[in-house]
Every structure is written in C-alpha cells, then in structure tokens.
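Q: I'd like a close look at one helix and its surroundings in this protein. Could you walk me through how it sits in the fold?

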Amino acid sequence: MICRCRLTCVLAVALLLVAFSAHAPEVKRLTIGSYNVKNFFDVFDDPYMNDEETAVKPRGEIESLARAIRSLDADVVALQEVENDHVIKAMVDAYLRDAGYRHIVSSYTNSGRGIRLVVISKLPIASVTSYHQRELRLPDDDRRWEFARDL
C-alpha cells in the first residue's frame with residue numbers, strides 16, 4: 001500500500017512538472033568567448049604609445065580571426081591585445097557584418113604599448129567598469145601594484 005501511494009505521488013509530481021514545463025518560458029543560453037588576438041595593431045602610429053616595434057596585423061590573420069569568431073558564434077566575445085576599437089570595427093564591418101556583433105566597447109589597460117581590451121557583443125552593453133587605475137596593496141606592506149590589464 002505504501003509503495004502504491006509513493007508511486008502515485010511520483011506520477012502526480014511528474015505530471016505536474018510536464019504540465020508546468022509546457023507553459024514555462026524558453027530557457028535562453030548565453031555564450032561567452034575570449035580570444036587573445038596578439039598584437040592587433042593598425043597602420044597608424046600613435047605618438048603617445050610605445051608601439052613602434054609592433055607590426056601591423058596581416059590581412060590573412062584578420063580573416064582567420066574573423067572565421068574563428070564566426071565559428072564560435074558566441075553572444076559576447078572579449079578580445080585582448082587590441083590597439084583600438086577602430087581595428088575591431090573594421091574587422092566586424094568587413095568580415096562579420098551579418099554575425100550580429102553590433103555592440104563594441106573598449107577599455108584602456110596599463111600597457112605602455114597602448115593595447116586595449118575590447119568586447120564585441122550581439123547584446124546591448126549597459127555599462128563598462130575598468131579597474132586599470134586601481135592601486136593594489138597588501139596589509140602591512142609598502143609595495144603597490146596596478147593591474148596590467150583589467151580582470
């Protein structure tokens with residue numbers, strides 16, 4: 001008798017779950033990617049940065065990067081070692097126009113070469129917070145650090 005009651009309860013719960021899941025909103029998945037694009041620099045010299053030793057990113061590497069981003073098909077992609085958001089906008093316009101990356105933001109780092117962190121997103125970006133000017137210290141220690149790049 002006890003087994004029959006438990007079985008009835010389990011079946012009732014299962015039926016309720018099926019009924020609720022039929023009316024439940026669709027669960028959405030957010031895909032996030034990260035890619036170090038290694039020295040994605042443009043042809044223009046920034047006189048305020050020590051970037052003279054860094055070569056311009058070849059077109060073939062830019063096309064390969066765009067193919068990798070397209071195959072990832074992430075909603076949000078964080079890119080490291082980018083000179084500025086203009087090179088990413090140019091790449092998106094040229095090779096990812098139909099991929100949905102309509103939102104692009106960049107953040108300065110503490111790199112003397114002037115590299116930035118850039119985020120491209122299919123979703124709107126509400127705000128950007130940077131910690132590149134935050135000073136890091138340990139208790140009872142006079143040394144001070146700063147982020148090389150934001151977390």
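A: Happy to; here is the setting, then helix α3, then its neighbours.

This is a predicted model, in which local features need pLDDT of at least 70 and side-chain atom pairs count only at pLDDT 80 or more, while totals for chains, interfaces and linings use all residues. Residues are numbered from 1 along each chain as its sequence is written, and side-chain values use heavy atoms, with hydrogens and water left out.

The protein has 3 helices and 6 strands, where helices (H or I, at least four residues) and strands (E, at least two) are DSSP runs numbered from the N terminus. Along the sequence they follow the pattern α-β-α-β-α-β-β-β-β. Of the 151 residues, 30% are buried; buried means under 20% relative accessible area, exposed over 50%, and partly exposed in between, with a 1.4 Å probe and protein chains only.

Now to α3, which spans residues 85–95. Its buried residues are D85, V87, I88, M91 and V92. Seen down the helix axis, these fall within an arc of 160°, so they line one face of α3; the arc is that of the directions from the helix axis to the C-beta atoms. On the face turned away from the buried side you will find the exposed residues H86 and A94.

What does the buried side of α3 pack against? Its buried residues meet β1, α2, β2, β3 (103–108) and β4. M91 gives a good example: leaving aside neighbours within four places in sequence, M91 is in contact (heavy atoms within 4.5 Å) with F40, I62, L65, A66, I69 and L96.

The largest nonpolar core has 20 residues, and I88 and M91 are among those with the most contacts inside it, as are I69, L79, Y101 and I120. Such a core is a set of buried Ala, Val, Leu, Ile, Met, Phe, Trp, Tyr and Cys residues joined through side-chain atoms within 4.5 Å. At least two of its residues come from each of β1, α2 (59–72), β2, α3 and β4 (116–121). In soluble globular proteins, nonpolar side chains tend to be buried together.

For a view from a neighbouring strand, try V82 in β2 (residues 76–82). V82 counts as buried because its relative accessible area is 0%. Not counting residues up to four places away in sequence, V82 touches V87 and I88, and its other partners include V37, F40 and I115.
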